[in-house]
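Hi everyone, thanks for coming. I'd like to walk you through one structure today, so please have a look at it while I talk.

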Amino acid sequence: GSVNLPLEQLETKLELVGELSNGDLPVYCLCRRGIFSAVATRIIQNAIEDGSAKRVHSVYNIAGGLSSWVKTVDSEFPQY
């Protein structure tokens with residue numbers, strides 16, 4: 001599944017991210033153009049490294065975001 005977490009709330013929701021990852025599922029960050037998701041990926045990666053993102057297995061950025069997804073994977077995907 002997926003959860004929409006606004007970037008400005010991410011640092012206060014790291015426990016939720018850990019619950020969703022459950023120690024074995026990777027976290028994928030995605031936004032419209034890949035800019036905010038890159039920031040989110042950095043926040044989560046830093047939290048993994050400093051131990052504040054307990055139970056987060058790993059984190060990945062979907063480079064280019066939904067705009068890139070439409071161009072390279074699914075041209076029928078609705079854009080906003």
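I'll start with one helix, then go on to the core, the cysteines and a few residues in the loops. Please keep in mind that this is a predicted model.

Let's begin with helix H2, which covers residues 35-50. Does its length make sense? At 1.5 Å a residue, its 16 residues should span 22 Å, and the end C-alpha atoms are 23 Å apart, so the two figures agree.

Now, which residues of H2 are buried? They are Ser37, Ala40, Thr41, Ile43, Ile44 and Ala47. If you look down the axis of H2, these buried residues fall within an arc of 160°, so they line one face of the helix. Turn to the other side of H2 and you find Arg42, Glu49 and Asp50, which are exposed.

What covers that buried face? The cover includes helix H1, residues 14-21, together with strand S1, residues 26-29, and strand S2, residues 58-61. And just after H2 comes Gly51, with a positive phi near 85°.

Let me pick out two residues of H2. Ser37 has a relative accessible area of 2%; the cut-off for buried is under 20%, so Ser37 counts as buried. Setting aside neighbours within four places in sequence, Ser37 is in contact with Cys29, Leu30, Cys31, Asn61 and Ile62. The other one is Ala40, which, with neighbours within four places again left out, is in contact with Leu7, Leu10 and Cys29. Cys29 is on both of those contact lists, and we'll come back to Cys29 shortly.

On to the core. In soluble globular proteins, nonpolar side chains tend to be buried together. Here the largest nonpolar core has 12 residues: Leu10, Leu14, Val17, Val27, Cys29, Ala40, Ile43, Ile44, Ala47, Ala53, Val56 and Val59. Each of H1, S1 and H2 supplies at least two residues of this core. Which element gives the most? That is H2, with four residues.

Now for the cysteines, since some of you will be wondering. As a reminder, a disulfide is a covalent bond between the sulfur atoms of two cysteines. How many disulfides does the structure hold? Zero. For Cys29, the closest cysteine sulfur is that of Cys31, and at 9.0 Å it is too far for a bond. Seen from the other end, Cys31 is in no disulfide either, with the sulfur of Cys29 as its nearest cysteine sulfur. As for burial, Cys29 has 9% relative accessibility and counts as buried. Cys31 is buried as well, with a relative accessible area of 16%.

Let's move over to strand S2, where we find Ser58. Buried or exposed? At 12% relative accessibility, Ser58 counts as buried. Its side chain makes a polar contact with the side chain of His57, at 2.9 Å. Not counting residues up to four places away in sequence, Ser58 touches Leu25, Pro26, Val27 and Ile48.

That brings us to Leu25, which lies in the loop between H1 and S1. Leu25 counts as partly exposed, at 45% relative accessibility. With residues up to four places away left out, Leu25 touches Leu20, His57 and Ser58. There is also a nice example here of the chain coming back on itself in sequence terms: Leu25 and Arg55 are 30 residues apart along the chain, and their C-alpha atoms are separated by 9.2 Å.

Finally, the backbone in the loops. Which residues have a positive phi although they are not glycine? One of them is Asn22, with a phi of about 55°. Asn22 lies in the loop between H1 and S1, and is partly exposed, with a relative accessible area of 44%. Another is Arg55, with a phi of about 75°. Arg55 lies in the loop between H2 and S2 and is partly exposed too, with a relative accessible area of 45%.

If you take one picture away, let it be H2: its buried residues line one face, and H2 gives four residues to the largest nonpolar core. Thanks, everyone, I'm happy to take questions.

How values were computed: Residues are numbered from 1 along each chain as its sequence is written. This is a predicted model: local features need pLDDT of at least 70, side-chain atom pairs count only at pLDDT 80 or more; totals for chains, interfaces and linings use all residues. Side-chain values use heavy atoms; hydrogens and water are left out. The expected span of a helix is 1.5 Å times one less than its number of residues. Buried means under 20% relative accessible area, exposed over 50%, partly exposed in between (1.4 Å probe, protein chains only). The arc is that of the directions from the helix axis to the C-beta atoms. Contact means heavy atoms within 4.5 Å. A polar contact is a pair of N or O atoms within 3.5 Å; within protein, one must be able to donate a hydrogen and the other to accept it, and residues adjacent in sequence count only if both atoms are side-chain atoms. A disulfide is a pair of cysteine sulfur atoms within 2.5 Å. A nonpolar core is a set of buried Ala, Val, Leu, Ile, Met, Phe, Trp, Tyr and Cys residues joined through side-chain atoms within 4.5 Å.
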